Amino acid sequence: MSNDNKLLFPLVAFPSRIRSIVEQTHEENNFPINYIAAALFFAVSVAIGNCRTLIVNSSWKVKPILFMSLLGNPGSAKTHPIKFAMEPFLKLDGENIPRYRRELNDWRRMPMENRITKPIPKQLRVQDITMEAISKLLEESNHGIFVHADELKGWISSFNKYNGGGGDLEQWLSLWSGVPISVNRKTQDDIIFIPDPFVGVIGGLQPGVMPKLFGGEKMDNGFFYRLLFVSNSSDGEPLLWKDFDLPSGLEKDWERLIFQILEDGGFFQDEMIRKDYSFSGEAWSSLQNWQNSIESKNAEYEPEYKTSIFRKIQDYCLRFCLIIHTMREAAGDITASTVIDKETAIFASVVANYFYEESQIAYEIVETGGINHDKFFMLLNGLNDEFTTAQALAVGEHMGISRATVFRYLAVGPNDPFLRSLKHGHYEKIK
């Protein structure tokens, strides 16, 4: 994938302790900065899990659930940064799962009258992506879990694969929002109800598969806009082997930081410790100003797809506040508090701006790969040489082409081979 914009993850939002990990793993192990920064950011969200909730108002509660995709062709070094970031969780699973099996076997051997509490697994990573498997683990896990799919194509393609066209996609949309879900078990006459789900998702995605995964009507269900995309700012540069070891203690320091966040949430105890967070007045005003500035620009100048992207990035920005606040606490940059300050809100908006730009790049990858198909040319042939957005929408409706798809077709870039934007809402065919 070629990325002429060379977006760089805003490391200014990270405490110096975590920023140093990004920089050293980049220097010593050639981890692309964007990949390792995003993976560490994701790992903190998993460490938080259900233990910290941001209360915007009585009916608006936010959990730091992230669906993150590292974009890159094979060989672009996506796997190793994720493995480094998630290693503390893999270590815990390696200890906790065998212990759980022993405790469960002991519990099963007990006489029925002596059984008190069935052992609960403290598994964090899951690779079986069927909804029934996810829901069963969530039923037993208060903290939450994460899906690590080396290639997210398999995860996305699996939607509805196992249930004959049922509602896997809808369930994943609900999981992204953190709202309760119900799953009917196929092997038993039973329903699993999860009142407080937490599932993060991270993995790689090759740009070449994106048009098929997201193109055409598939964009209309809104799933694409819920993904956070991370491109490689070093793409196209030589990826030379290095035989340097990481600085002594670097991996251990990252492990200590993650374990500290887990411990603060009661992960190593029998009971989870929940904390509610809120914004200071200055922090909330800063976020409102950020939101208003971009919403106003989108409403006046930008195509509808940018607004659709930004609406989800707005939601993510609140989640980023909770993650960055936790990072700063764990790294010792701020004292422990349940009030998110203005500086954290500013950092969160900077990170949100980065992902807003990355999502537009991802959208263009889908659009560039998917625009040469029958419906586009059918729409184009039904329009005059010069036309307006309203005329294109009317023709599209007559042809059965959705409004969202028409707006995607009208997202005209400077080098578009088919259309030229004359002014806002007015277009000309290129002959």
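Here are some worked exercises on the structure above.

This is a predicted model, in which local features need pLDDT of at least 70, side-chain atom pairs count only at pLDDT 80 or more, and totals for chains, interfaces and linings use all residues. Residues are numbered from 1 along each chain as its sequence is written, and side-chain values use heavy atoms, with hydrogens and water left out.

**Exercise 1: the cores**

Task: find which residues touch the most other members of the largest nonpolar core, and list the contacts of Trp 155.

Solution:
- Start with the term: a nonpolar core is a set of buried Ala, Val, Leu, Ile, Met, Phe, Trp, Tyr and Cys residues joined through side-chain atoms within 4.5 Å. Buried means under 20% relative accessible area, exposed over 50%, and partly exposed in between, with a 1.4 Å probe and protein chains only.
- The largest core has 122 residues, and Trp 155, Trp 172 and Phe 214 touch the most other members.
- Next, take contact as heavy atoms within 4.5 Å. Setting aside neighbours within four places in sequence, Trp 155 is in contact with Phe 67, Ile 129, Ala 149, Trp 172, Val 201, Phe 223 and Leu 227.
- A second, separate core has 16 residues, including Ala 392, Val 406, Leu 419 and Tyr 427.

**Exercise 2: helix α6**

Task: decide whether helix α6 is largely enclosed or not, and say which of its residues are buried.

Solution:
- Helices (H or I, at least four residues) and strands (E, at least two) are DSSP runs, numbered from the N terminus.
- Helix α6 covers residues 168-177, and 7 of its 10 residues are buried, so the rest of the structure largely encloses this helix.
- The buried ones are Asp 168, Leu 169, Gln 171, Trp 172, Leu 173, Leu 175 and Trp 176.
- After α6 comes Gly 178, with a positive phi near 75°.

**Exercise 3: two small residues**

Task: place Ser 141 and Ala 394, and classify each as buried, partly exposed or exposed.

Solution:
- Ser 141 sits in the loop between α4 (131-140) and β5 (145-151). Its relative accessibility is 10%, so Ser 141 counts as buried.
- The side chain of Ser 141 reaches the backbone nitrogen of Gly 144 at 3.2 Å.
- Ala 394 belongs to helix α13 (residues 389-399). Because its relative accessibility is 44%, Ala 394 counts as partly exposed.
- To finish, compare sequence with space: Ala 394 and Val 406 are 12 residues apart in sequence and 9.8 Å apart in space, C-alpha to C-alpha.

Methods:
A polar contact is a pair of N or O atoms within 3.5 Å; within protein, one must be able to donate a hydrogen and the other to accept it, and residues adjacent in sequence count only if both atoms are side-chain atoms.
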